[in-house]
Amino acid sequence: AVLSGVKFCKSPYEAAIRADCLIVVTEWSEFKTLDFMRLKRIMRQPVIIDGRNIYEPARMEKLGFRYIAIGRGKAKPR
């Protein structure tokens, strides 16, 4: 009733069902310890935008996610 058109979910997994993208904008522990394989199975596309930089880019890519970390600098080539 507070926000019209907004769906509230009981878990991150419920919110991610058939989602094209998951945008993380909190550092809450429940988001730091997600089951990424479960998440990948329920999402329409495995895309995560991380506004808090709580995940390691190499790990996310290895798990098969398209991972975008907001504000994280890119490594310079050697």
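This passage describes the fold, nonpolar core, aromatic pairs, salt bridges and surface of a predicted model.

The chain contains 4 helices and 3 strands, and these elements follow one another along the sequence in the pattern α-β-α-α-β-α-β. The C-alpha trace spans about 55 × 25 × 20 Å along its principal axes. Of the 78 residues in the chain, 26% are buried. The accessible surface of the chain amounts to about 6100 Å², and carbon and sulfur atoms account for 53% of that area. When contacts between residues at least 6 apart in sequence are considered, 43% of them join residues at least 24 apart.

The largest nonpolar core comprises 15 residues, of which Leu34, Phe36, Leu39, Ile48 and Tyr55 touch the most other members. Helix H1 (12-16), strand E1 (22-24) and helix H3 (36-42) are the elements that contribute two or more residues to this core. The surroundings of Ile48 illustrate how separate stretches of the sequence meet. With neighbours within four places in sequence set aside, Ile48 is in contact with Leu22, Val24, Phe36, Leu39, Tyr55, Met60, Phe65, Arg66, Tyr67 and Ile68. Among these partners, Phe36, Leu39 and Tyr55 are themselves listed with Ile48 as the core residues that touch the most other members.

Aromatic side chains were examined next. A pair of aromatic rings is described by the distance of the centres and the angle of the planes. The count comes to 4 aromatic pairs. One of these joins Phe36 and Tyr55 in an edge-to-face arrangement, with 5.1 Å from centre to centre and 90 degrees between the planes. Phe36 belongs to helix H3, whereas Tyr55 lies in the loop between strand E2 (47-50) and helix H4 (57-62), so this pair ties together parts that are 19 residues apart in sequence. Both Phe36 and Tyr55 are buried. Tyr55 also forms an edge-to-face pair with Tyr67, for which the centres lie 6.4 Å apart and the planes are at 65 degrees to each other. Because Tyr55 is in the loop between E2 and H4 and Tyr67 is in strand E3 (residues 66-69), the pair ties together parts that are 12 residues apart in sequence. Tyr67, like Tyr55, is buried. Phe36, Tyr55, Phe65 and Tyr67 together form one aromatic cluster. The four members of this cluster recur in the account of the core, where Phe36, Tyr55, Phe65 and Tyr67 appear among the contacts of Ile48.

Charged side chains provide further links, and the structure holds 2 salt bridges. In one of them, Arg44 is joined to Asp20, with the closest N and O atoms 3.5 Å apart. Arg44 is placed in the loop between H3 and E2 and Asp20 in the loop between H1 and E1, and the pair thereby links distant parts of the chain, 24 residues apart. With a relative accessibility of 53%, Arg44 counts as exposed, while Asp20, at 36%, counts as partly exposed. The side chains of Arg52 and Glu27 also meet in a salt bridge, at 2.5 Å from N to O. This pair likewise links distant parts of the chain, with Arg52 in the loop between E2 and H4 and Glu27 in the loop between E1 and helix H2 (29-32), 25 residues apart. Arg52 has a relative accessibility of 39% and is therefore classed as partly exposed. Glu27, with a value of 39%, is also classed as partly exposed. The loop between E2 and H4 thus holds Arg52 of this salt bridge as well as Tyr55 of the aromatic pairs.

At the surface, Val2, Leu3, Val6 and Phe8 make up a nonpolar patch of about 450 Å². Val2 is located in the segment before helix H1, and its relative accessibility of 77% places Val2 in the exposed class. Elsewhere in the chain, Arg59 is found in helix H4 and counts as partly exposed at 46% relative accessibility. The C-alpha atoms of Arg59 and Arg72 are separated by 15 Å, the two residues being 13 apart along the chain.

Key
Residues are numbered from 1 along each chain as its sequence is written. This is a predicted model: local features need pLDDT of at least 70, side-chain atom pairs count only at pLDDT 80 or more; totals for chains, interfaces and linings use all residues. Side-chain values use heavy atoms; hydrogens and water are left out. Patches are made of residues with over 30% relative accessible area and no salt bridge: like charges are joined within 9 Å, nonpolar side chains (Val, Leu, Ile, Met, Phe, Trp, Tyr) within 5 Å. Accessible areas come from the Shrake-Rupley method with a 1.4 Å probe; for residues, only the protein chains shown count as cover. A salt bridge is a side-chain nitrogen of Lys or Arg within 4 Å of a carboxyl oxygen of Asp or Glu. Buried means under 20% relative accessible area, exposed over 50%, partly exposed in between (1.4 Å probe, protein chains only). A nonpolar core is a set of buried Ala, Val, Leu, Ile, Met, Phe, Trp, Tyr and Cys residues joined through side-chain atoms within 4.5 Å. Contact means heavy atoms within 4.5 Å. Rings of Phe, Tyr and Trp (its six-membered ring) pair if their centres lie within 6.5 Å; planes under 30 degrees apart count as stacked, over 60 as edge-to-face and the rest as tilted.
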